[in-house]
Amino acid sequence: AIAQDLIRKAVKFIRENGKSVAAATLARETAGLEIMKLGKSKAVRDRARRKALEHSGYSNAEITTLSRQIMTACNIVILFFTGIRASEVLSLEQGRIIKQDGVVWVLGEQYKLGQKHRKWMAPEIVYEAHQLAKDLSQPMRNAIDWEIEQHHQSGAKLDSNTKHNLAELSELRERLFLTWSSKRGVAVSYTHLRAHETRH
């Protein structure tokens, strides 16, 4: 009964709030990234982020909380309706839940008996959760793309450590479940939920 109540609320939460929260999140983080590109201070960036929400119906604090809650709801929905392990769902990359001829498929990895490619059939709500999680984590991909671009545009020769870091960033950007770190400071910072990796 508890599990049924949880999943009903997660589905309702996603369908009633997901699109508007994802749109507001993208608007806020896009505004902040544009100010960061200009080299402005954190205070200026924060003002731009708040201003981007003026007509969204949400406050800055609400978007921070709701985006995290909806991302969690997406995780719960995918886990509940597919039966795959937490490590498997958190290893999913964007675009790994697809529709073919009206059928939803989860293309993942199984780790229990060695890493193997697996394919699971899933209901429509799993595809909805995937698309929403992808939209919510898109600002992190935009930030990662900018960070990678900065290195390549600098014209400086890349040492082995930098090349390794850029390779990690490229891998990280493909993950579905990304979120902002709580220790962002004045730099770009994002976390991959599976390994709790943080980049600054």
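**Exercise 1. How are H1 and H5 oriented to each other: roughly parallel or roughly antiparallel?**

Before we start, keep in mind that this is a predicted model.

*Step 1.* Take the geometry of the pair: H1 and H5 pack at an angle of about 10°, and their axes lie 10 Å apart.

*Step 2.* Compare that angle with the cut-off: angles under 35 degrees count as roughly parallel.

*Step 3.* H1 and H5 are therefore roughly parallel to each other.

*Step 4.* Now look at who takes part. The contact of H1 with H5 is made up of 14 nonpolar, 3 polar and 6 charged residues.

**Exercise 2. Work out how H3 is placed against H1 and against H5.**

*Step 1.* Begin with H1. This helix packs against helix H3 (residues 60–82) at an angle of about 135°, with 7 Å between the axes. That angle makes H1 oblique to H3.

*Step 2.* Sort the residues of this contact by class: 18 are nonpolar, 7 are polar and 1 is charged.

*Step 3.* Turn to H5. Here H3 packs at an angle of about 150°, and the two axes are 9 Å apart. Since the cut-off for roughly antiparallel is over 145 degrees, H3 and H5 are therefore roughly antiparallel to each other.

*Step 4.* Add the handedness. H1 passes H3 in a left-handed crossing, and H3 passes H5 in a left-handed crossing too.

**Exercise 3. Follow H1 along the chain and find its irregular spots.**

*Step 1.* Helix H1 covers 2–37. Look for a bend inside that range: H1 has a kink of about 55°, centred on Asn-17.

*Step 2.* Then step past the helix. Gly-39, just after H1, has a positive phi of about 75°.

**Exercise 4. Describe the second largest pocket and say which helix gives the most to its lining.**

*Step 1.* Start with the volume: the second largest pocket holds about 180 Å³ of space.

*Step 2.* List the lining. Ile-14, Arg-15, Lys-19, Ala-22, Ala-23, Glu-128, Gln-131, Leu-132 and Asp-135 line this pocket.

*Step 3.* Assign these residues to elements. Helix H1 (2–37) and helix H5 (124–153) are the elements that give two or more residues to the lining.

*Step 4.* Pick the main contributor: H1 gives the most, with 5 residues.

*Step 5.* Finish with chemistry. The lining of the second largest pocket has 4 nonpolar, 1 polar and 4 charged residues.

Definitions and conventions. Residues numbered from 1 in each chain as written. Predicted model: local features only at pLDDT ≥ 70, side-chain atom pairs only at ≥ 80, totals over all residues. Heavy atoms only, no water. 1 Å grid on protein atoms, 1.4 Å probe; cavity = no way out; pocket = protein on both sides within 12 Å on 5 of 7 lines; lining within 4 Å. Points joined across faces, edges and corners; volume = space filled by probe spheres on them. Helix = DSSP H or I, 4+ residues; strand = E, 2+ residues; numbered from the N terminus. Nonpolar A, V, L, I, M, F, W, Y, C, P; charged D, E, K, R; others polar. Axes fitted to C-alpha atoms, helices over the stretch in contact; angles between N-to-C directions. Parallel < 35°, antiparallel > 145°, perpendicular 65-115°, else oblique. Left-handed = near helix turned anticlockwise from the far one by under 90°. Bend = angle between axes of the 7 residues up to and from the residue.
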